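This report describes the fold, the surface and the cysteines of one protein chain. Please consult the sequence and the structure shown here alongside the text.

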Amino acid sequence: VLVCLGFFLCNTLVNTKLNITKFYSNFEIATYKSAFKCFPTCQIICCVFHLVQNWFKKIQQNTVLHIT
(Lines give C-alpha, C1' and ligand atoms only; values in the text may rest on other atoms or scores of the structure.)
Protein backbone atom coordinates (compact mmCIF):
# COMPACT_ATOMS: atom_id res chain seq x y z
CA VAL A 1 0.00 0.00 0.00
CA LEU A 2 2.82 2.42 0.84
CA VAL A 3 4.49 1.61 -2.45
CA CYS A 4 1.38 2.61 -4.40
CA LEU A 5 0.90 5.69 -2.23
CA GLY A 6 4.42 6.87 -3.07
CA PHE A 7 3.79 6.16 -6.73
CA PHE A 8 0.52 8.13 -6.60
CA LEU A 9 2.12 11.10 -4.82
CA CYS A 10 4.95 11.33 -7.33
CA ASN A 11 2.54 11.22 -10.25
CA THR A 12 0.09 13.71 -8.74
CA LEU A 13 2.15 16.24 -6.81
CA VAL A 14 5.40 16.33 -8.74
CA ASN A 15 4.07 15.17 -12.09
CA THR A 16 6.96 12.73 -12.33
CA LYS A 17 6.45 9.12 -13.30
CA LEU A 18 8.58 6.62 -11.39
CA ASN A 19 10.26 3.84 -13.31
CA ILE A 20 11.16 1.26 -10.67
CA THR A 21 13.16 -1.66 -12.07
CA LYS A 22 14.25 -3.33 -8.80
CA PHE A 23 12.39 -3.49 -5.51
CA TYR A 24 14.12 -4.75 -2.35
CA SER A 25 11.88 -6.34 0.26
CA ASN A 26 11.50 -9.03 2.86
CA PHE A 27 9.28 -12.06 2.28
CA GLU A 28 5.77 -10.60 2.58
CA ILE A 29 2.98 -11.35 0.11
CA ALA A 30 1.34 -7.94 0.58
CA THR A 31 4.57 -6.20 -0.41
CA TYR A 32 4.87 -8.30 -3.58
CA LYS A 33 1.30 -7.58 -4.61
CA SER A 34 1.62 -3.85 -3.97
CA ALA A 35 4.91 -3.55 -5.86
CA PHE A 36 3.64 -5.51 -8.85
CA LYS A 37 0.41 -3.54 -8.92
CA CYS A 38 2.27 -0.25 -9.29
CA PHE A 39 5.33 -1.52 -11.15
CA PRO A 40 4.41 -4.65 -13.11
CA THR A 41 7.82 -4.97 -14.76
CA CYS A 42 9.92 -4.55 -11.61
CA GLN A 43 12.15 -7.29 -10.27
CA ILE A 44 11.60 -8.07 -6.58
CA ILE A 45 14.74 -8.96 -4.67
CA CYS A 46 14.24 -10.47 -1.24
CA CYS A 47 16.43 -10.29 1.84
CA VAL A 48 18.01 -13.71 2.42
CA PHE A 49 18.99 -12.75 5.98
CA HIS A 50 15.34 -12.46 7.02
CA LEU A 51 14.45 -15.71 5.27
CA VAL A 52 17.17 -17.66 7.10
CA GLN A 53 16.28 -15.94 10.38
CA ASN A 54 12.67 -17.08 10.00
CA TRP A 55 13.71 -20.63 9.10
CA PHE A 56 15.93 -20.81 12.18
CA LYS A 57 13.07 -19.59 14.39
CA LYS A 58 10.71 -22.21 12.94
CA ILE A 59 13.29 -24.98 13.42
CA GLN A 60 13.83 -23.96 17.05
CA GLN A 61 10.06 -24.12 17.66
CA ASN A 62 9.75 -27.60 16.13
CA THR A 63 10.43 -30.35 18.68
CA VAL A 64 11.61 -32.84 16.02
CA LEU A 65 13.99 -30.43 14.25
CA HIS A 66 15.17 -28.46 17.29
CA ILE A 67 18.94 -27.90 17.40
CA THR A 68 20.44 -27.96 20.88
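What percentage of the contacts in the protein with a separation of 6 or more is accounted for by residues 24 or more positions apart? In this predicted model, such residue pairs account for 21% of those contacts.

## Overall architecture

The protein contains 3 helices and 2 strands. Along the sequence these elements follow the pattern α-β-α-β-α.

Of the 68 residues of the protein, 18% count as buried. The accessible surface comes to about 5600 Å², and carbon and sulfur atoms contribute 66% of that area.

## Nonpolar patch

Phe8, Leu9, Leu13 and Val14 together make a nonpolar patch of about 420 Å² on the surface. One of these residues, Leu9, lies in helix α1, which spans residues 2-14.

Leu9 has a relative accessibility of 37% and therefore counts as partly exposed. This value satisfies the requirement for patch membership, because patches are made of residues with over 30% relative accessible area.

## Cysteines

The structure holds 0 disulfides. For Cys47, the closest cysteine sulfur belongs to Cys46 and lies 8.6 Å away, which is too far for a bond; a disulfide requires the two sulfur atoms to be within 2.5 Å.

Cys42 and Cys47 fall into separate accessibility classes. Cys42 is buried because its relative accessible area is 5%, a value under the 20% cut-off. Cys47, with a relative accessible area of 27%, is partly exposed.

Terms used: Residues are numbered from 1 along each chain as its sequence is written. This is a predicted model: local features need pLDDT of at least 70, side-chain atom pairs count only at pLDDT 80 or more; totals for chains, interfaces and linings use all residues. Side-chain values use heavy atoms; hydrogens and water are left out. Patches are made of residues with over 30% relative accessible area and no salt bridge: like charges are joined within 9 Å, nonpolar side chains (Val, Leu, Ile, Met, Phe, Trp, Tyr) within 5 Å. Accessible areas come from the Shrake-Rupley method with a 1.4 Å probe; for residues, only the protein chains shown count as cover. A salt bridge is a side-chain nitrogen of Lys or Arg within 4 Å of a carboxyl oxygen of Asp or Glu. Helices (H or I, at least four residues) and strands (E, at least two) are DSSP runs, numbered from the N terminus. Buried means under 20% relative accessible area, exposed over 50%, partly exposed in between (1.4 Å probe, protein chains only). Contact means heavy atoms within 4.5 Å.
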